[in-house]
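Here is a set of short exercises to work through with the sequence and the 3D view side by side. Try each task yourself before you read its solution.

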Amino acid sequence: QVRTLPRISDRREVKNARGELDLTFDSWMLTPSAEGTRVIRGDHIDRYELIDAESSLKAGRISAAGIEELRQRPKWADVMMPRIVGRQVSYMGKQRRLTFALVPSGAVVANSCNYLAVEDATTRNALLGYVNSAPAEWWFRVHSSNNHVSNGELGALPWPLDNQATTEAIAASAAIRGRRD
């Protein structure tokens, strides 16, 4: 039955992409200052949880000059919307390899993360719940053989959200889980 479901990549309303900030090429944009626009790195993401940038030893902010440069790039429009963000590297021995958090609009996502952008809030919350779920984790483990979480693998996840009642139930559950953790 699962094999007959559409895939995330089949859904036109979902954008599946890698973060817009290249941590190597764009390193000049990063600042250790507590001021500046928030950058989301892989070590800032846990299951349903966005970890405080200041808890990392790495720079978690972007300078004003960096923001001016990023505004000229095609993915800037994505920065202006909330996104579901997950780590791009996830060791095979981890209990949960798929860990995603909802990132607010205005945050810049580094290329150590992948993101799913969906305009509809209910669908976004349902997708957040699904990619953090045991069925998605199981599917991913069956089909992935390395420590990388690629956009192709995310796009290949089955899309179980074609039923409105199911979508609303998963969205409500994810919203509760996100507030509780």
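Before starting, one definition: a residue is buried under 20% relative accessible area, exposed over 50%, and partly exposed in between (1.4 Å probe, protein chains only). The model is predicted, so local features need pLDDT of at least 70 and side-chain atom pairs count only at pLDDT 80 or more, while totals for chains, interfaces and linings use all residues. Residues are numbered from 1 along each chain as its sequence is written, and side-chain values use heavy atoms, with hydrogens and water left out.

**Exercise 1. Charged pairs**

Task: Find how many salt bridges the whole structure holds, and describe the one between Glu13 and Arg11.

Solution.
- Step 1: Begin with the criterion, a side-chain nitrogen of Lys or Arg within 4 Å of a carboxyl oxygen of Asp or Glu. Side chains of opposite charge can pair when their charged atoms come close.
- Step 2: Searching the whole structure gives 7 salt bridges.
- Step 3: Glu13 and Arg11 form a salt bridge through their side chains, at 3.2 Å from N to O.
- Step 4: Check the surroundings. Glu13 is partly exposed at 37% relative accessible area, and Arg11 is also partly exposed, at 22%.

**Exercise 2. A pair and a network**

Task: Compare the surroundings of the Glu68–Arg71 salt bridge, then state which residues join Arg73 and Glu69 in a network.

Solution.
- Step 1: The side chains of Glu68 and Arg71 form a salt bridge at 4.0 Å, N to O.
- Step 2: Glu68 has a relative accessible area of 44% and is partly exposed; Arg71, with 45%, is partly exposed.
- Step 3: Arg73 and Glu69 meet in a salt bridge at 3.4 Å, N to O. Shared partners in salt bridges link Asp26, Glu69 and Arg73 into one network.

**Exercise 3. A buried asparagine**

Task: Is Asn114 buried or exposed, and what do its side-chain polar atoms meet?

Solution.
- Step 1: Locate the residue. Asn114 sits in strand β10, residues 113-117; strands (E, at least two residues) and helices (H or I, at least four) are DSSP runs numbered from the N terminus.
- Step 2: With a relative accessibility of 1%, Asn114 is buried.
- Step 3: Look for polar contacts, pairs of N or O atoms within 3.5 Å; within protein, one must be able to donate a hydrogen and the other to accept it, and residues adjacent in sequence count only if both atoms are side-chain atoms. The side chains of Asn114 and Gln88 make one at 2.9 Å.
- Step 4: A polar atom of the Asn114 side chain also lies 2.6 Å from the backbone oxygen of Val149.
- Step 5: Widen the view to contacts, meaning heavy atoms within 4.5 Å. Beyond four places in sequence, the residues in contact with Asn114 include Ala17, Ile84, Ser150 and Leu154.

**Exercise 4. The two faces of a helix**

Task: Which residues of helix α4 are buried, and what caps its N-terminal end?

Solution.
- Step 1: Within α4 (residues 134-143), Ala136, Glu137, Trp139 and Phe140 are buried.
- Step 2: These residues are on the same side of α4 because they cover an arc of only 165 degrees around the axis, the arc being that of the directions from the helix axis to the C-beta atoms.
- Step 3: Exposed Pro135 and Trp138 are on the face turned away from the buried side of α4.
- Step 4: α3 (121-131) and α5 (151-155) are what the buried residues of α4 pack against.
- Step 5: Ser133 is the N-terminal cap of α4, with a side-chain oxygen 3.3 Å from the backbone nitrogen of Ala136. Ser133 belongs to the loop between α3 and α4 and is buried at 16% relative accessibility. Its side chain also reaches the backbone oxygen of Tyr130 at 2.6 Å.

**Exercise 5. An unusual phi**

Task: Where is Tyr48 found, and what is its phi?

Solution.
- Step 1: Tyr48 is in the loop between β4 (45-46) and β5 (49-50).
- Step 2: The phi of Tyr48 is near 65 degrees, a positive value in a residue other than glycine. Most residues other than glycine have a negative phi.
- Step 3: Tyr48 is buried, at 12% relative accessibility.
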